[in-house]
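Subject: The structure I promised you

Dear colleague,

Here is the structure I said I would pass on to you, and I would be glad if you opened it beside this message. After it I set out what was found, going from the overall layout to the helices, the core, the pocket and two single residues.

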Amino acid sequence: MDFAYCKLEIFIPETHLRALQRALQEVDAGHIGAYDCCLSYSRVTGCWRPLEGTNPYIGSIGEISCEPELKVEVTIKTERLEETVAAVKQVHPYEEPVINAIPLLRTAF
């Protein structure tokens with residue numbers, strides 16, 4: 001089954017929300033009908049432990065960090081997935097950003 005749309009979940013520090021919004025706008029992510037720049041976000045707590053050889057944006061090597069983040073959700077056309085992920089990575093401060101692409105079986109539009 002082909003999925004025309006997917007949802008991206010992007011976990012990012014709140015300090016980078018505006019830059020992410022601009023990057024998503026530049027690739028037309030969140031364009032739903034006669035509206036664009038559509039996304040939602042919620043506050044979450046992310047946990048991770050940087051391993052040897054990393055250069056963490058937040059946290060210390062070998063120690064578990066739990067920090068506030070935003071979970072940003074945006075609907076995109078699946079055909080633009082690679083372009084959109086590349087745009088997100090350009091503004092994301094983490095070495096290994098969490099960007100989940102979830103196929104959407106059906107949308108409301």
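Before the order of the elements can be read, one definition is needed: helices and strands are runs assigned by DSSP, at least four residues for a helix and at least two for a strand, and they are numbered from the N terminus. Please keep in mind that this is a predicted model. The protein chain has 2 helices and 4 strands, and from the N terminus on these elements follow the order β-α-β-β-α-β. The C-alpha trace spans about 45 × 30 × 20 Å along its principal axes, and 31% of the 109 residues count as buried. If you take the contacts between residues at least 6 apart in sequence, 73% of them join residues at least 24 apart.

The helices

In α1, the buried residues are Leu-17, Leu-20, Ala-23 and Leu-24. They lie on the same side of α1, because the arc they cover around the axis is only 125°. Those buried residues pack against β1, β2, β3 and α2, and just after α1 comes Asp-28, which takes a positive phi of about 65°.

In α2, Leu-81, Thr-84, Val-85, Ala-87 and Val-88 are buried. These too share one side of their helix, since they cover an arc of only 160° around the axis of α2. On the other side of α2 you will find Glu-82, Lys-89 and Gln-90, which are exposed, while the cover over the buried residues of α2 includes β1, α1, β3 and β4.

The core

In soluble globular proteins, nonpolar side chains tend to be buried together. The largest nonpolar core here has 19 residues, and those touching the most other members are Leu-8, Ile-10, Leu-20, Val-72, Val-74 and Ile-76. Two or more residues of this core come from each of β1, α1, β3 and α2. If you select Ile-10 and set aside residues up to four places away in sequence, you will see that its contacts include Leu-20, Val-72 and Val-74, as well as Val-88, His-92 and Ile-99.

The pocket

The largest pocket holds about 320 Å³ of space. Its lining is made of 17 residues, and nearest the centre lie Trp-48, Tyr-94, Glu-95, Glu-96 and Val-98. By class, the lining has 10 nonpolar, 3 polar and 4 charged residues, and β2 gives the most to it, with 4 residues.

Two single residues

Is Val-44, at 24% relative accessibility, buried, exposed or something in between? Val-44 lies in strand β2, and it counts as partly exposed because 24% falls between the 20% under which a residue is buried and the 50% over which it is exposed. Leaving aside neighbours within four places in sequence, Val-44 is in contact with Phe-11 and with Glu-67, Pro-68, Glu-69, Leu-70 and Lys-71. From Val-44 to Glu-96 there are 52 residues in sequence and 18 Å in space, C-alpha to C-alpha.

Ile-102 is found in strand β4, and with a relative accessible area of 30% it is also partly exposed. Although Ile-102 and Tyr-5 are 97 residues apart in sequence, their C-alpha atoms are 8.8 Å apart in space. With neighbours within four places in sequence left aside, Ile-102 is in contact with Cys-6, Lys-7 and Glu-9.

With best wishes

Notes
Residues numbered from 1 in each chain as written. Predicted model: local features only at pLDDT ≥ 70, side-chain atom pairs only at ≥ 80, totals over all residues. Heavy atoms only, no water. Buried < 20%, exposed > 50% of the residue type's maximum accessible area, 1.4 Å probe, protein only. Contact = heavy atoms within 4.5 Å. Core = buried A, V, L, I, M, F, W, Y, C linked by side-chain atoms within 4.5 Å. 1 Å grid on protein atoms, 1.4 Å probe; cavity = no way out; pocket = protein on both sides within 12 Å on 5 of 7 lines; lining within 4 Å. Points joined across faces, edges and corners; volume = space filled by probe spheres on them. Nonpolar A, V, L, I, M, F, W, Y, C, P; charged D, E, K, R; others polar. Arc of directions from axis to C-beta.
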